[in-house]
Amino acid sequence: MATAKPVAPVPLPPAGAYPRILPLRLPRRRAGTTRASHLPTTCSGDAGCELHTRLQPNARRPLWHGGGFSLGVDLGAARTGLAVGRGITQPRPLTVLKLRGQKLELMLLDVAQQQEAGELIIGLPVSADGRETPQSNKVRSVVGRLAVQAADRGLRVYLQDEHGTSIDALHYMISSGVKRSARDVKSDAYAAVMILDRYFSSSGQGAQIVLPRQQELQDKLIAKSRQDAEI
């Protein structure tokens, strides 16, 4: 069984647009029409949009059908927590990045490839009643840019409801014996663990893929997924 590779220590420098995202079936284009915008779109396959089989999240795939590793991401204004998992075992925390902007986006893609993850599962902040917040728009902005760069590397990007994961992370750290003095430093990485845990526990039913509108990038994602399934 493949195991996730340990990620190299990440330097922590000091802490220093807007695609539309839908929950996995894409709206069908009418014959003879082209998309005017190159901004990413989102789809979950559960609400009026069709999603190619090869674009389904790992949590919906059998392990022998390309269901590989997933990188969980808890985006924050100053810190971003990372975790990795495969669905058959509890996800594990990786690291916390203190990066922003393009440096953060490139690092996320580099870490995903180091960990042999075929997808990034990024937490989307929502309120207790499921409504989006001002923070949701900020996350969508980052994720929209990231999805274009990720697709160019053959990596899929999904959004996952992260409501309550910070509290879940605290409880998980306490039950796992993480010392009080280390909890604040590690909390973001453990929040990413909770995002992945929710994603796998629900079999990816709430995950929303973020797709570039460029057809060539969508084709690259499909081709990479097919290649992974054949390995």
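Which residue takes a positive phi just after α3? That residue is G177, with a phi of about 85°. We'll come back to it, but let's start with the whole chain. Keep in mind that this is a predicted model.

## The overall picture

The protein chain contains five helices and seven strands. If you walk along the sequence, you meet them in the pattern β-β-β-β-α-β-α-β-α-α-β-α. The chain has 231 residues, and buried ones make up 48% of them. As for the outside, the chain exposes about 11500 Å², with carbon and sulfur atoms supplying 53% of that area.

## The sheet

The seven strands form an open sheet with mixed pairing, in the order β1-β7-β6-β5-β2-β3-β4. β1 (41–43) and β4 (92–97) each have a single partner strand, so these two stand at the edges and one side of each has no neighbour in the sheet. On average, and ignoring direction, neighbouring strands are turned by 30° against each other.

Strands like these are held together in a simple way: they pair through backbone hydrogen bonds, either parallel or antiparallel. Here, β6 and β7 go for the antiparallel option, over two bridges. L159 stands opposite Q208 in β7, and Y158 has I209 of β7 as its bridge partner. On to the next pair: β1 and β7 also run antiparallel, joined by three bridges. One partnership to look for is T42 with V210 in β7.

Are the residues on the two faces of β7 buried or exposed? Both faces are covered: Q208 and V210 are buried on one side, and I209 and L211 are buried on the other.

Helix α4 (residues 180–201) packs on this sheet, and it touches β2 (69–74), β3 (80–85), β4, β5 (117–124) and β6. The direction of α4 makes about 45° with that of β3.

## Helices and their buried sides

Helix α5 (residues 215–230) is a good one to trace by eye. Its 16 residues reach 23 Å from the first C-alpha to the last, close to the 22 Å expected at 1.5 Å a residue. The buried residues of α5 are L217, Q218, L221, I222, S225 and A229. They sit on the same side of the helix, because they cover an arc of only 145° around the axis. A bit of background helps here: an α-helix has 3.6 residues a turn, so residues three or four places apart point the same way.

What do the buried residues of α5 pack against? They pack against α2 (134–152), β6 (156–161) and β7 (208–211). Turn to the face pointing away from that buried side, and you find the exposed residues E216 and E230.

Now for α1 (101–114). It has 14 residues, which should span 20 Å at 1.5 Å a residue, and the end C-alpha atoms are indeed 20 Å apart. Buried in α1 are L104, E105, M107, L108, L109, V111 and A112. The buried residues of α1 pack against β2, β3, β4, β5 and α2.

Helix α3 (residues 165–175) has T165, A169 and M173 as its buried residues. Seen down the axis, these fall within an arc of 80°, so they line one face of α3. The buried residues of α3 pack against α4.

## Residues with positive phi

Back to the topic of the opening question. G177 comes just after α3, and E116 likewise takes a positive phi just after α1. S203 joins them, with a positive phi in a residue other than glycine. Here they are together:

| Residue | Place | Phi |
|---|---|---|
| G177 | just after α3 | about 85° |
| E116 | just after α1 | about 55° |
| S203 | loop between α4 and β7 | near 55° |

Like S203, E116 is a residue other than glycine. E116 sits in the loop between α1 and β5.

Are E116 and S203 tucked away? E116 has a relative accessible area of 43%, and since partly exposed covers values between 20% and 50%, that is where E116 belongs. S203 is partly exposed too, at 34% relative accessibility.

Definitions and conventions:
Residues are numbered from 1 along each chain as its sequence is written. This is a predicted model: local features need pLDDT of at least 70, side-chain atom pairs count only at pLDDT 80 or more; totals for chains, interfaces and linings use all residues. Side-chain values use heavy atoms; hydrogens and water are left out. Helices (H or I, at least four residues) and strands (E, at least two) are DSSP runs, numbered from the N terminus. Buried means under 20% relative accessible area, exposed over 50%, partly exposed in between (1.4 Å probe, protein chains only). Accessible areas come from the Shrake-Rupley method with a 1.4 Å probe; for residues, only the protein chains shown count as cover. The expected span of a helix is 1.5 Å times one less than its number of residues. The arc is that of the directions from the helix axis to the C-beta atoms. Contact means heavy atoms within 4.5 Å. Two strands pair if DSSP finds at least two bridges between them. Axes are lines fitted to C-alpha atoms, for helices over the stretch in contact, and angles run from 0 to 180 degrees between N-to-C directions.
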